[in-house]
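Got your viewer open? Load the model, switch to cartoon view and keep the selection box handy.

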Amino acid sequence: MSDNDWTDRIAGERMQVDQQFNDRVQASSFSSQQWGLVMTATEFRIENPGDPEQARIVADTSKLGSVMPEMDRIENQSPMGGGGGSGGSGGGGLFSGVKDALGLGGGGGSDERTDEAEQLAQEYAQQLQEKLESNGRWDAIRKQAQG
């Protein structure tokens with residue numbers, strides 16, 4: 001429907017936000033490849049498009065579970081880190097995998113990763129909306145999403 005139409009119209013802004021958001025991804029526990037999977041599983045929609053005061057872009061991350069096994073595979077494939085989140089936080093990566101293998105993680109590592117992915121996706125959505133507002137395109141995009 002019209003939801004896809006508005007997302008097609010913001011490709012340029014998405015590319016700009018991708019570049020700006022790269023530092024945030026690098027500071028996360030996700031590699032660039034893993035973040036790409038998060039973005040593939042995330043759909044953006046505009047909540048309350050008919051209300052200029054309440055309208056906002058939100059990240060629908062309900063499909064994240066479908067990419068988590070692939071994210072784990074990527075992490076296990078390159079345990080010395082390939083991208084973001086290096087810096088030895090001690091709470092992820094190998095330690096998290098060992099905890100899960102011993103049954104001490106209780107799936108918490110995956111839940112934490114999902115929570116982090118959801119939070120980052122929402123931050124991305126907020127930056128995307130801010131970019132559209134600063135470009136003067138937000139009202140037109142919001143109205144198009146309204147239908």
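Start by selecting β1 and β2: the two strands run antiparallel and are joined by 5 bridges. Strands here are DSSP E runs of at least two residues, helices are H or I runs of at least four, and both are numbered from the N terminus; two strands pair if DSSP finds at least two bridges between them. This is a predicted model, so local features need pLDDT of at least 70 and side-chain atom pairs count only at pLDDT 80 or more, while totals for chains, interfaces and linings use all residues. Residues are numbered from 1 along each chain as its sequence is written, and side-chain values use heavy atoms, with hydrogens and water left out.

Show side chains on β1, residues 43-47. F44 and I46 are on its covered face, while E43, R45 and E47 are on the uncovered one. Across the pairing, I46 stands opposite I57 in β2.

Now centre on F44. What does F44 touch, leaving out residues up to four places away in sequence? Its contacts (heavy atoms within 4.5 Å) are W6, T7, R14, M39, I57, V58, A59, A121, Y124 and A125.

F44 also belongs to a ring cluster with F21, W35 and Y124. Rings of Phe, Tyr and Trp (its six-membered ring) pair if their centres lie within 6.5 Å; planes under 30 degrees apart are stacked, over 60 edge-to-face, and the rest tilted. That rule gives 3 aromatic pairs.

Next, widen the selection to the largest nonpolar core, which has 31 residues. Such a core is a set of buried Ala, Val, Leu, Ile, Met, Phe, Trp, Tyr and Cys residues joined through side-chain atoms within 4.5 Å. Buried means under 20% relative accessible area, exposed over 50%, and partly exposed in between (1.4 Å probe, protein chains only). W6, W35, F44, I46, I57 and Y124 touch the most other members. At least two residues each come from α2 (11-26), α3 (32-41), β1, β2, α4, α6 (108-134) and α7 (138-146). The largest share, 7 residues, is from α6. In soluble globular proteins, nonpolar side chains tend to be buried together.

Then pick T61, in the loop between β2 (56-60) and α4 (68-77). Is T61 buried or exposed? It counts as buried because its relative accessibility is 12%. Beyond four places in sequence, T61 touches T42, E118 and A121.

Another loop stop is F30, between α2 and α3. F30 has a relative accessible area of 0%, so it is buried. Try a distance label from F30 to M71: the C-alphas are 8.7 Å apart, with the two positions 41 residues apart in sequence numbering.

Zoom out for the whole chain. There are 7 helices and 2 strands, in the order α-α-α-β-β-α-α-α-α. Buried residues make up 33% of the 147. Among contacts between residues at least 6 apart in sequence, 77% join residues at least 24 apart.

Finally, colour by pLDDT, the predictor's confidence in each residue from 0 to 100. The average is 83, and 76% of residues score at least 70. Among the elements, β2 has the highest mean, 98, and helix α5 (residues 93-101) the lowest, 51. Select residues 81-91, where pLDDT stays under 50 and the model has 16 contacts beyond four places in sequence. Residues 102-108 also stay under 50, with 5 such contacts. Where pLDDT is low, the predicted coordinates should not be read in detail.
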